[in-house]
4 protein chains.
Amino acid sequence: MTDKTWGYVTPGIPDAWFEKNGVPLTREEVRCLTICKARLQSTGVIYDIGAGTGSIAIEAALLAGAGKVYAIEKNKRAGELILRNAGRFGVNNLHVVVGEAPEALGGLPLADRIFVGGSGGRLKEILAAAAEKLRDGGRLVVNAVTIETLAASVQTLAALGFGEIETLCLNVARIEPAGQARVWKGMNPVYLVAGQLRNGM
Amino acid sequence: MTDKTWGYVTPGIPDAWFEKNGVPLTREEVRCLTICKARLQSTGVIYDIGAGTGSIAIEAALLAGAGKVYAIEKNKRAGELILRNAGRFGVNNLHVVVGEAPEALGGLPLADRIFVGGSGGRLKEILAAAAEKLRDGGRLVVNAVTIETLAASVQTLAALGFGEIETLCLNVARIEPAGQARVWKGMNPVYLVAGQLRNGM
Amino acid sequence: MTDKTWGYVTPGIPDAWFEKNGVPLTREEVRCLTICKARLQSTGVIYDIGAGTGSIAIEAALLAGAGKVYAIEKNKRAGELILRNAGRFGVNNLHVVVGEAPEALGGLPLADRIFVGGSGGRLKEILAAAAEKLRDGGRLVVNAVTIETLAASVQTLAALGFGEIETLCLNVARIEPAGQARVWKGMNPVYLVAGQLRNGM
Amino acid sequence: MTDKTWGYVTPGIPDAWFEKNGVPLTREEVRCLTICKARLQSTGVIYDIGAGTGSIAIEAALLAGAGKVYAIEKNKRAGELILRNAGRFGVNNLHVVVGEAPEALGGLPLADRIFVGGSGGRLKEILAAAAEKLRDGGRLVVNAVTIETLAASVQTLAALGFGEIETLCLNVARIEPAGQARVWKGMNPVYLVAGQLRNGM
């Protein structure tokens, strides 16, 4: 049963609308830019590797309404959380794959878009497997919060034949109430690395 | 005649795809978040006040394909630039209004969404006129680059009956080539102030 | 009794070396830049208005060893905290003035440098009184965490005859351990407004 | 002949006071924090490796007036620039070593503090040689502008036995005039990595 409706053609569901249950959530602004950098289409196959709460997968599923989204998440309880969050927004084109990447990607159809969030220390393997599964011209976006995953993403994507690689650091601050005043709260910086698999490789 | 196609359901047209001709362009990442904060629908009336190159108006027109976008721009040559940029992407639901806000808003139909970019020093008047034109439940997003326009936006929106006001500061850095190395280039910080006109006021 | 020694000619005492007891502390990097922007000399009279834990006052007292620092703090318990923190670093050229600015500035000798941290909503009055007390050529630095105090500082300093006004926004992130990984933690953005009272006004 | 005097006990010489002649300058705020993180003493031997315009070396020489600063710079014309800049501020405890690190460090006395700016692609070798030259308890600070040098610094310093390693990302924006308005100009983000060689290793 749906208890929230996101009746918009743009991403940006507020963080508080998702159930978190202790699972890390990709914050709204980072989520929006991550999704924009993927350049979604209304159809196609989308993976969200290390899907966490499912917030990116769910927004992608809403935007690509005629597509299929696979949310890959090794933690079984997080997998259940994703389903509950998907149910909340009436999403029915999202499939949860409980398992660890890259192995869990094995049986999936080829992808048009791939998001990589959590990697559990196996980022290079995951990117290599993701590149194998991604169609020519497909796009992949990594969210990185450490300099090690950032550096590995940039190097690995180039080596795997991705082009138009963009690397961003995003610092967002929001004004929030603090007593009677309203002060800036800085969020943690996040890196985005996006690339497109070259056609005709 | 269309010479570019943006065949995606997400915003994020690269900056270089727009003709600029010396007119300031809202950069891709700021543009994406500005559009996301507006929560567009596929229909409805959208204003872009101080439209500049038209980049926000054009992305909005593509996303709200069954809606109408009014790009208000006082500079006649910038108005022509907006039309050329719109033509480039095959946009035909965008209307350029050459004139100065708030006066230029007079004859327009009521709006569902309003973007405020440039204000030419008349921000408070523009926000007041925009609030008059905005339907209940409609959303307005201001892009501010000075502390004066930021402070004025926050105060004025609250006074005009907007709710759920969010204020963000966005710092984006991109990795760019510099000689043989690749270094971070910081973009100028930008403020976003978004609010929703309370229903039933 | 001294239990810590800061045997350096540069500011930058780690945050954890101060007793906080719930009082807000100006973080190390912001404190360093605030002090640098004041351009301290080894002598002279320095005020720290809204001194909080006393961290800026204490670093200033160590650097201006032949000068006198007045830490103005309205909260009596914070005043005691400042003295304990000063004692910790063997500082003996710091005087705590328990009282509210601007009134509390009345009996103090003219100042060469003034820091303004907390203002309790009376920033404009405080800046005006501070300008009265500051010698020609003296420097004043405000730390602001809200857009209201930022805007008020910039406007008021210019109106009071300060020159060379600099306004900075400082975003610092640190890498910190998070489980097995090490991730970026963003600190809240802070504004610094610095100016110098024009000679011969 | 001295034509500028920096009569302060704090670092922070304005950028415009240095002759640049096309050589990259460490901007004032980054320079201040870099110097603060080094925790200078009034005496001791300080290296500035990849000294560029000499701005860090000169500020260090002014603060450590009874110490000796070695500015190592491979480019001969930059070496001459450093001397001109040093002369400008009346600095006479600064020695320019024209040569490439790590080789150029060979004949220098042991160091108490080491700054590493430019590394010409040989960062790991330079850090290893620097650690050899640094006394126990000495401090080293790297300025990095690429993710490769950042990642290499963090890993190498830990491997070389440095402790208390701090890694910062610094984003500074300044308000600058733009036509009639005053807007934020973002500077490029810079990383600082600081560490202290463990005593008794």
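Let's start at Gly186(D) and see who its company is. Setting aside the neighbours within four places in sequence, Gly186(D) is in contact with Val172(D) and Ala173(D) in its own chain, and with Gly186(B), Met187(B), Asn188(B) and Pro189(B) in chain B. Keep in mind that you're looking at a predicted model. Gly186(D) sits in strand β7 of chain D, which covers residues 181–186. Arg174(D) is twelve residues away along the chain, yet its C-alpha atom is separated from that of Gly186(D) by 6.6 Å.

Arg174(D) leads us to another residue, Glu29(D). The side chains of Glu29(D) and Arg174(D) make a polar contact at 3.4 Å. Find Glu29(D) in helix α1 of chain D, residues 28–38. Is Glu29(D) buried or exposed? Its relative accessibility is 1%, so Glu29(D) counts as buried. If you leave out the neighbours within four places in sequence, its contacts come from two chains: Leu33(C), Lys37(C), Glu166(C) and Leu168(C) on one hand, and Leu170(D), Val172(D), Arg174(D) and Met187(D) on the other.

Stay in chain D for a moment and look at strand β1, residues 45–49. Five of its five residues are buried. Here's a handy bit of background: in a regular strand the side chains alternate between the two faces of the sheet. In β1(D), Val45(D), Tyr47(D) and Ile49(D) are on one side, Ile46(D) and Asp48(D) are on the other, and both faces are covered. What does β1(D) pair with? Its partner is strand β2 of chain D (residues 68–73), and the two run in the parallel sense over five bridges. To spot one of these on your screen, look for Tyr47(D), whose bridge partner in β2(D) is Tyr70(D).

Now swing over to chains A and B. How many residues does each chain bring to the contact? Chain A gives 34 residues and chain B gives 34 residues. Between them, the two chains bury about 2900 Å², and carbon and sulfur atoms give 61% of that area. On chain B's part, Tyr8(B), Val9(B) and Arg39(B) supply 19% of the area buried against chain A, more than any other three residues.

There's plenty of polar business across this interface too. The rule finds 13 residue pairs in polar contact between chain B and chain A. On the side of chain B that touches chain A, α1 (28–38), β6 (162–178) and β7 (181–186) each supply at least two residues. The largest share, ten residues, comes from β6(B). Sorted by type, the residues on that side are 20 nonpolar, six polar and eight charged. And β6(B) has a partner across the interface: strand β6 of chain A (residues 162–178) runs antiparallel to β6(B), joined to it by seven bridges. Cys169(A), for instance, has Ala173(B) as its bridge partner.

On to salt bridges. Side chains of opposite charge can pair when their charged atoms come close. Over all chains, the structure holds 56 salt bridges, and six of them are between chain B and chain A. In one, Lys37(A) pairs with Glu29(B), with the closest N and O atoms 3.0 Å apart. In another, Glu29(A) pairs with Lys37(B), at 2.9 Å between the closest N and O atoms. Why does that second pair join two chains? Glu29(A) lies in helix α1 of chain A and Lys37(B) lies in helix α1 of chain B, so the pair links one chain to the other. With a relative accessibility of 0%, Glu29(A) counts as buried, and Lys37(B), at 4%, counts as buried as well.

Some salt bridges stay within one chain. Arg31(A) and Asp15(A) meet in one, at 2.8 Å from N to O. Arg31(A) belongs to helix α1 of chain A, while Asp15(A) is in the segment before that helix, so the pair ties together parts that are 16 residues apart in sequence. Both Arg31(A) and Asp15(A) are buried. In chain B, Glu125(B) and Arg122(B) form a salt bridge, with the closest N and O atoms 2.8 Å apart. Glu125(B) is partly exposed at 39% relative accessibility, whereas Arg122(B) is buried at 18%.

Finally, a group to trace on your own: salt bridges that share partners join Asp15(A), Glu28(A), Glu29(A), Arg31(A), Glu59(A), Arg174(A), Lys37(B) and Glu166(B) into one network.

How values were computed. Residues numbered from 1 in each chain as written. Chains lettered and ligands numbered in written order. Predicted model: local features only at pLDDT ≥ 70, side-chain atom pairs only at ≥ 80, totals over all residues. Heavy atoms only, no water. Helix = DSSP H or I, 4+ residues; strand = E, 2+ residues; numbered from the N terminus. Contact = heavy atoms within 4.5 Å. Buried area = accessible area lost by both parts, 1.4 Å probe. Salt bridge = Lys/Arg side-chain N within 4 Å of Asp/Glu carboxyl O. Polar contact = N/O pair within 3.5 Å; in protein donor to acceptor, adjacent residues only side chain to side chain. Nonpolar A, V, L, I, M, F, W, Y, C, P; charged D, E, K, R; others polar. Pairing = 2+ DSSP bridges. Buried < 20%, exposed > 50% of the residue type's maximum accessible area, 1.4 Å probe, protein only.
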